[in-house]
Amino acid sequence: MIKHLRSAADLDAATATLILDTAAEMAALAGREVKKLPTLRGRTVVNLFYEDSTRTRISFEAAAKRLSADVINFSAKGSSVSKGESLKDTALTLQAMGADAVVIRHSASGAPHRLASWVDGSVINAGDGTHEHPTQALLDAYTMRSRLGRLDGLKVAIVGDVLHSRVARSNVLLLTTLGAEITLVGPPTLIPVDIAAALSPTELAGSASLRGDRLVTGEKALGLPASANPADDGKPSAFSPAAITKVSYDLDSVLPVMDVVMMLRVQTERMQDSYFPSAREYSRRYGLDVARMRKLPEHAIVMHPGPMNRGMEIAPEVADSSRSTIVEQVANGVSARMAVLYLLLGGKA
Amino acid sequence: MTAYLLKGVSVVGGSPTDLIIRDGVISSDRSGALEEIDAAGLVALPGLVDLHTHLREPGREDAETVETGSRAAALGGYTAVCAMANTSPVADTAGVVEQVWRLGREAGLVDVQPIGAVTVGLAGKQLAELGAMATSAANVRIFSDDGFCVADPRLMRRALEYVKAFDGIIAQHAEEPRLTEGAQMHEGEVSTRLGLTGWPAVAEEAIIARDVLLAEHVGSRLHVCHVSTAGSVEVLRQAKARGVLVTAEVTPHHLLLTDELAASYDPVFKVNPPLRTAGDVAALREALVEGVIDVVATDHAPHAVEDKECEWAYARPGMLGLETALSIVLSVLGDRWDLIADRMSRTPARIARLAGHGTDLAVGSPANLTLVDPSARRVVDPAELASRSRNTPYSGTTLPGRIVATFLRGEPTVLDGKAVK
Amino acid sequence: MASPRADTSTKIILTGSDLHRVVDRIAHQILEKTSGATGTVLLGIPTRGVPLAQRLAARIHAFEGIDVPVGALDITLYRDDLRLHATRALGKTELPGGGIDGRRVILVDDVLFSGRTVRAALDALNDVGRPSSVQLAVLVDRGHRELPIRADYVGKNIPTALTESVRVSLTETDGSDEVKLTGGDDK
């Protein structure tokens, strides 16, 4: 079993499926009167939140408590963190307290990777900067599977601010690992630049031929440590052209063939950075309203990781429709996180 | 003054010969007592010259001092380093450049040639007193706001023109600031995957393109710091073909390392400009051989531990370079000694107008030279570096080549691979 | 588990037909001790307890025409030895319609050994309802109890050494019916 969940890339198909299956069992247990399980008695889970995210923190807290773990909430506000203690010093403190797992939320991409190099326990990424949010992807995949019965071959559109979205990155990684086909939709300014370039076959051939033998030989001769050269880890990258089937700038054209539409939160601050001209124009081009929802196939579902900007990326009628899984996603979050905690902490360390 | 006999040395890759160092110069006089050094299998190069070193003094003596940086330089085979102006206070007055120059003299391990700031406080608003720095004891010829780009085109034009009066040169840190706000690493597939804000190649290329046109327009010398992209190489190639007086440097790390290393999120790999792609590395190597890129400069950037042992986004950019530069260049260029001497000694000395450096090791020339054992291998251990900082990206890596000795005006600064003081 | 190793010390304890007879006997005993299996629920402990419970229910139906509800009770999350092994995948818990409150629950497992599985099952049971009483049926009792637990229905008592292991194969899970004793190899 894996030790950390820093990225959805830490999960291969078998492990991801095991987590979803376990989450299903956990969900079944959630229906009974006594929800608490003795499984993680004596284990300590620290919620280390450098960003406010009440819903994610509560979800992890509920998950850990249902498994009888001791939960310590370490929030950036009112702690030594705000006095400028470094992440490393905080890590050493948690280490001394005997944390078996640290759930970290941080505004800096890669903070969970750094933390994992300083603590012995498991590190679970609860959202890092604009990088990843793997448990959100797990609960999304779980929600899709329970609504639609499968993930393999599912057509999923992820719509909105892909560039800044950790939810999008984790979902692309996890869902492609599990066989779904992703289409990223949004204004070109909010789709990471290399995806567009990678779609052109000539560009692709060009970049491949630039990888000269000379350099590779040079690096090997120098013996750069394998750990420092992640190109060798054999993991597919999230946004490699093989993993991504499509990018589209036109929401209307993709809707009729989708099984799932996942709307991303779009922050209105992006307007100041000229990613798009106005909220109104964004909403008109990329918002999911009732007319657009009608273009979806009968069975298709609408997802949103929350919190929503009603009227911006999603119309209230859509958010509250029977296609919407937004409330289920919250409930499934606890089950998915219980599954992750169990699988990371439930066995021999 | 001890006289030395380097027995059986290969001068810049030539066949074995004897080299005598006496009274600060290369000599043919075999009389009297000679300290003999068995130099069989060793290569003598003119002392290396670094156009781009951050010595951190004054201001961040916890990261590096002129003395510790000088020692690192000598151990790396250097006899002269150009110290960048982004100290605290900024080297934007005659007083500060003279202070750095004096500290270098006191340390006595390499010639420390201060670089002056182009603008007051590196703020990019108003020209610093370039002439005063040029006529000071420090005799400044290179001016740079390195760390920041002289982004204002009118100010850049004025600076290029103004320094012509005293044969100065502007060394530009080419980075269009609006295109790199919040940038953390090369913008590309890896930055997309890692969720780190991208530093697009065009932000460098656009400034270089503008500046070569400005330099051409006013007929001035321009030097481009740490060129990092294949596109920049193309811009420079075209400019040079037109006869623009532009020179350019590349760092050892941009000749070897790629943006994939950021996937560890270990800020030891965070540097500005960022590590680029394998394609860029290949283009830079080619350009260095061809001469489109004139010199290898280290951009030696020491940082205190707390500035690197943190989240990637909070870390300061920069890597140590002085003690590993020649090894990296050896691994990239192989034993093309004349080319190495050119790119690491002769040309940088010429650009910096450093008399007595980068000269051929002929009888009568100043004895500024370094002895290299090309067959040696060493594993880089950050704890063993002479620099006060530890931020080398090569920790644990086996590198080819070892500096056996370095001489500054006939005096050894390094003997047996160890600094003499 | 059921890999047929060429182990000279392997001994067949129950053949397929022995096993069928034993299940029949337990079914009869259940009918006898529970006054015709009224108000009774069979809960199998995964993996092999589940098909055994189903077989018992089928035999009871064959003998007396009575339908005894059957379910599964996974005890993984209640185990006291989780930290001694790599993380285990969960089995299914499925309670029969009507639940277990006020009913007599008969837990069904293949082998009774230390008793720790049964202890975990009692804890798990406690969290899913309140049965009127709990009984235990096992195919094999191999001794070496570490907890004060005994079975109400035992297919066969097999005295074993700690170094020996008892392998139960069932058609539903392993392709054939038999019980083997392999031994001495310190497994």
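Two residues count as being in contact if their C-beta atoms, placed from the backbone, lie within 7 Å. In this predicted model, that rule can be applied to chain B to see how the contacts are spread along the sequence. Among the contacts of chain B with a separation of 6 or more, 75% come from residues 24 or more positions apart. A similar count can be made for chain A, where 78% of the contacts between residues at least 6 apart in sequence join residues at least 24 apart.

The overall build of chain B comes next. Chain B contains ten helices and 19 strands. Along the principal axes, the C-alpha atoms of chain B fill a box of roughly 65 × 45 × 45 Å. How does the radius of gyration of chain B fit that of a compact globule? For 421 residues, a compact globule would have a value near 22 Å, and the 20 Å of chain B agrees with this. As for burial, 63% of the 421 residues of chain B count as buried.

One sheet of chain B is worth following strand by strand. It is an open sheet of three strands in the order β6-β7-β8, and the pairing is parallel. Its edge strands are β6 (48–53) and β8 (111–114) of chain B, each of which pairs on one side only. On average, and with direction ignored, neighbouring strands of this sheet are turned by 20° against each other. Helix α10 (residues 337–352) of chain B packs on the sheet and touches β6, β7 and β8 of chain B. The direction of α10 makes about 55° with that of β6(B). Within the sheet, β6(B) and strand β7 (residues 78–83) of chain B run parallel and are joined by four bridges. To find one residue pair in the structure, look for B:D50, whose bridge partner in β7(B) is B:V81.

Chain A has 14 helices and nine strands. Of its 349 residues, buried ones make up 48%. Two helices of chain A offer a clear example of packing. The axes of α1 (residues 13–30) and α14 (residues 326–345) of chain A come within 8 Å and cross at roughly 120°. Because of that angle, α1(A) is oblique to α14(A). The crossing of α1(A) past α14(A) is right-handed. Which residues of the two helices meet? On the α1(A) side they include A:L18, A:T22 and A:M26, while those on the α14(A) side include A:V334, A:M338 and A:Y342.

A single residue of chain A can be traced in the same spirit. A:L48 is found in strand β1 (residues 44–49) of chain A. Is A:L48 buried or exposed? A:L48 is buried, because 28 other C-beta atoms lie within 10 Å, and 20 or more are enough for a residue to count as buried. Leaving aside neighbours within four places in sequence, A:L48 is in contact with A:F74, A:L94, A:V102, A:V103 and A:I104. The C-alpha atoms of A:L48 and A:I72 are 8.4 Å apart, although these residues are separated by 24 residues along the chain.

Finally, the chains can be viewed together. Two pairs of chains touch, and the most contacts are between chains A and B. Chain B and chain C, on the other hand, do not touch, and their nearest C-alpha atoms are 27 Å apart.

Terms used: Residues numbered from 1 in each chain as written. Chains lettered and ligands numbered in written order. Predicted model: local features only at pLDDT ≥ 70, side-chain atom pairs only at ≥ 80, totals over all residues. Pairing = 2+ DSSP bridges. Axes fitted to C-alpha atoms, helices over the stretch in contact; angles between N-to-C directions. Rg over C-alpha atoms; globule rule 2.2 N^0.38 Å. Buried ≥ 20, exposed ≤ 12 C-beta atoms within 10 Å, placed from the backbone. Parallel < 35°, antiparallel > 145°, perpendicular 65-115°, else oblique. Left-handed = near helix turned anticlockwise from the far one by under 90°.
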